[in-house]
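Colleague: I would like to take a close look at one part of this model, and then to follow the picture outwards from there. Please give the cut-offs as you go.

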Amino acid sequence: MNCELLATCSALGYLEGETYHKEADCLESVKDLIRYLRHEDDTRDVRQQLGAGQIVQNDLLPIIIQHGQDKALFDACIRLMVNLTQPAMLCFGKVPDDPVFRHHFLQVTSHLQAYKEAFASERVFGILSEILYNLLQLDWEQRQEEDNLLIERILLLVRNVLHVPADPCEEKKVDDDASIHDRLLWAIHMSGFDDLVKFLASAQSEQQWSMHVLEIISLMFRDQTPETLVSAGHARSAEEKQRDSQELEALRQKEHAEKRSRTLQRGTRHSRFGGSYVVQGLKSIGDKDVIYHRNVHNFKNYTHDIGKAVRRVPKRNRQAQECKDKRRSALNVRLFLREFCVDFLENCYNRLMYLVKESLIREQTQQHDETYYLWALSFFMAFNRGNGFRADLVSETMSIRAFHFIERKITDYYEMMLTDRKEATSWSRRMHLALKAYQELLLTINEMDRSQDDSILQSSNVIKSNIFYLMEYREIFLTLLRKYDETRQPHSYLKDLVESTHLFLRMLERFCKGRRSLMVQKKKVRRKKSRGGKKPSAAETSPEALTEIWKVVEEELKATGFQLSESLTESIVPFDATSETPLEEQRTEAMVRVQDALLVRLGPEALALLRAAREVWPEGDVFGSADVEPEEELELLKQILHANLPRSSAPEPVVEEEDFAAELEEEEFESVQISEKEFNFLDFIKRFANPGIVRPYLLLLKSYSKNTPHTNHCIARMLHRLAVDLKMDALLFQLSMFNLFNKILSDPAAAAYKELVTFAKYVLNRFFSLAAENSKAYVELLFWKNVGSVREMTEGYSKDGGGKKPTWTEEEEEELRKLYEEHRHSEEPDIVEALLPLLSNNTRTRRQVVTQLVHMGLVDNAKELKKQKKGTQIVLWTEEQEGELEMLYEEYKDSDDVLGNILKKLTAKRSRARVVDKLLSMGLVSERRELYKKRSRSAQGKSSGKGMTEEEFLEGLTQDFPDDPVDRDDEDDDGSEESEEEEEQERGLSQNGGRRSQSLHFPAERREDVVSMVYAVQQEGMSGPLLWLQKCLNRTAEDREEDGLSQPVPLVPLSEADEDAMENKSFRKLLRKLGIRPPANEQERFWRIPAKITTSQLRSAAAALSPTEEAAALSPTEEEPKGGEEQDGSKSPTGESQEEEEISGEQRAQALRALLLTRKRKHHTSKHTVPVSNFTPNEDTDRTTERSQEKTSTKRSRRSVLDDDDHEENEDDSTTALHMDTNGDADSDTEDISAPVKRRRKMVLIDEEEDED
């Protein structure tokens, strides 16, 4: 041991007999040891030396037992022991591969096992229970922060000790004998610590310890099974006795058969010589027969593989290892744990599981904590089923939410198992845990069906109707069976999967029998971006045909008097509420449906659909106004009939994707089509008739002798469904399956597997009867067969030239050969598409041409001529590809087309959607819109006015000011719809007008338009929300400086005033001006500060909000003169906002005029603000007077005064413009949003002409 460590340990004290004498500086020595552990190296040398010195056994435990009244010393010892007992996996991160580090890992583990044995004492847990009890007695008002820390450390210490793995080689304990873990559990029970755990799980005031409690409980029951705890203390049931007797009988029959075979093999006289024999007909390595040098009765076991070296199976192809077996604890421990389970279910289960689930959903837990939740769900629900089932005890986890949560976890774990190959074993274990939880939910529902309580039966039917209706729950077992991988998933996982599938199918079959019809949800992945129906032909859409159609429809509608039947009105539904297609796109589809109804001369249906769509989409009068007249409806229908509506099903020419946002929306909203269909159980079973699903059943059947009778029954029942119910017994005609059947039939204990024997004989009889008719049946045994191959095998093979197979003449074959030879070396991406129009027979399809090319031997495989698909099938990313993507993003992140440049430079070509998803998952971008193509020139340099030519500056001045119609749309839109519509408008404007770029690159100088907005918001009484917004911006800037990371930060209102401000249109207008983005979709609630805004820009934006407070501090006398100059001295808030909106346009006009004058005089100035300030002497004198008055009346900084002067100057200049362009009434805000922009441009052009004159 290190000399410093040795001296520190010696300074703790010494143990004399049963008494421990502590030294004077014992507390400081404990703190020194904590400090040493904090600075240990990668080999954990300090931890190993302290473990070798047995400091926990000889010093720390005696100190807390005998000197527990010293609170500071007790707290320090607990801190040290929590550190020393933490799992070795946490110390090293993973099980090391290096031999040296593996040795250190095993050393730390051995020390932990010694600690666990020392903790298996009632005295240790007695003092821990006493201290914890005293702390829990304190009310939350009296409890200090140190008390909460001590409670958490005690729980962590117990968790760490229980987590230490057992060493079966050292313990060598059998079932029903007390192991170290059992002794530890008994010490917990005798000290009363288990009662404190139950109290923490049930107390409302102690819910913060819910995850610690669940971890402790799961580790307590680590080696137990629900079945052994349920049967503890009870006599064996008749079912158990029968099962044991069957197993014993099978073993006895097997033993008798082996004795009988050995007797038959043994000769009447013992031969002292082995002998040598020639085996005729069996060739050796050469041309001669094999010479056998052993006894004749052993010849049956002869094989050519005798003496050969066993081929080493690669590590990646080895079967997954099983988890350690469960062992049966001592009887008194099982009885105590059984009582604990009963009390926990009655008092704690529902509440604790609710708290843990909420923590998991809100992501307030650590990584992989959901595994404890999944374990607890499966364990305690299984115990509840065996111990007199009560549905109310597990009501919290018996819901559709639980099914959905577990189904999502299974999917996530499977995806991680594929991507994270190094940790595939861990992900496989978690997936197995989630599967057992899902299986337990099904078993509990099955148990609820047997209940006599009507309410429980009704609840069971509701849950079953939901899980059978939704496609995700209905097909999860199909997917899991198809994706089974024996190299990653253990044999026990396959056993649970097969049993769960059997239970689900049995429940589904019973559910369908009790109903005439069952409607279920159907999801179809739409590979093509087509939504509409078949596009009308050119003849149908000709003007003459449309005129004829309209005459018929018009006469029919006039004959009915525009009156529709009630049944027709009720049957028309203009949109699908269950569809994931947005309502805006469904509106276009509704218009197309109206046109389709008119084209087929269904006038009443078209009119009913038009009226129904008008009720759904009343805004914009797209389908007519609410009080439309019948004649107007007739005219509207005529316009729809003659309109050229977009139909996405038609093949469109391939063009460059300019609008990436529209493409992403198509991929996201059109990829899945949801509908309903009538469920047929036999059709669902046909989905299992697949070699990929039969193979896992065959793998599990190979261990039939080790399987439980129930597992063998599940396998036989599934194979029976395929062979008998579906009459697809040929699916099982496979050599490996027959080899297994032969093994079962020749098994001495075959009488114990009657069901398997009967089924094997049935399949073999069917095969031999088929083989008598089909001579190729024996060859078919070598291959797995799909449904088409099974049909051909049983009904007959299709002959060449027979059936529907087209024939090729010699001339056609020669023509095809010549064309292929001419084009085979061309650069055509698809040679088949090039050959089709050149063939003399125009009726040939692509498949026929490909098949004939393969038949003629011109190509080896049809895959060589496979039609190229848009995009790629590459899914996984290697580390090199991720590094390349990150490097390309850093290189092109400031370009106009970030994604386009990345796609051009990527080595492994991928689709846009794949690259976008990867950029989001890597955290390089926070939202998709950051990758949209920027069509406008960068406005960053132009907004600041640096590095620009005069022509660019002039062009910038004549452009629309950033305060454009987007902000005014806020005032016109309805509150409930504004977020979605404004987002689309803002998205378009961010690409065309550079509005987003200007907002993000907020200049350091305070902008006058922001000051105007701040002043308008201040006048509405929202100074508090402005102060809150300023604090949020400053805090975000500080966080980004400290962390060095930039992520979108949501603006969460803290008070009712803040919430009201976030709903205010003027406040939202200000937020957009500062570059803060609204919620991107319906899944977001809060506005967010984008990640692209730098800390300097954040501070500039926050500084721009400071004049709000100063403007609010202005006295009314200072504001009255301005009001007196405007419109009879009265100024409404609406008029003020209009005036402020005109200020920016007038200021640009002044700047333009001043710049043109200076150009004529050939005076070059460095700042654009100088000509503006020297404009018209009268205005200068007025402004100077006002400025001097304000300096004497207010005490503010020089910069603030200048800002306010500019603000007032712009107001004075804009007064005349306001008289000319606005009416000054309250309704002026609702005028056309483009009018102010046009007026400003017109004024600028007039001024320019005057200057030139």
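Which residues of helix α3 (residues 45-52) are buried, and what covers them?

Modeller: This is a predicted model, in which local features need pLDDT of at least 70 and side-chain atom pairs count only at pLDDT 80 or more, whereas totals for chains, interfaces and linings use all residues. Residues are numbered from 1 along each chain as its sequence is written, and side-chain values use heavy atoms, with hydrogens and water left out.

In helix α3, V46, R47, Q48, L50 and G51 are buried, where buried means under 20% relative accessible area, exposed over 50% and partly exposed in between, with a 1.4 Å probe and protein chains only. Helices here are DSSP runs of H or I with at least four residues, strands are runs of E with at least two, and both are numbered from the N terminus. The cover over these buried residues includes α1 (3-10), α2 (26-38), α4 (55-66), α5 (71-84), α6 (88-92) and α7 (99-119), with contact meaning heavy atoms within 4.5 Å. After α3 comes Q54, whose phi is positive, near 50°.

One residue, C26, is itself buried, with a relative accessible area of 1%. C26 is in no disulfide, and the nearest cysteine sulfur, that of C77, lies 6.0 Å away, while a disulfide is counted when two cysteine sulfur atoms are within 2.5 Å. The structure as a whole holds 0 disulfides. C341 is also buried, at a relative accessible area of 0%.

Further along the chain, helix α19 (residues 400-419) packs against helix α20 (residues 424-448) at an angle of about 155°, with the axes 9 Å apart; the axes are lines fitted to C-alpha atoms, for helices over the stretch in contact, and angles run from 0 to 180 degrees between N-to-C directions. The two helices are therefore roughly antiparallel, a term for angles over 145 degrees, with under 35 counted as roughly parallel, 65 to 115 as roughly perpendicular and the rest as oblique. Residues making this contact include F403, I406 and Y413 of α19, and W427, L435 and L442 of α20.

L435 and L442 appear again around S500, a residue of helix α24 (residues 491-513): S500 touches L435, Q439, L442 and F477, not counting residues up to four places away in sequence. S500 is buried, with a relative accessible area of 0%.
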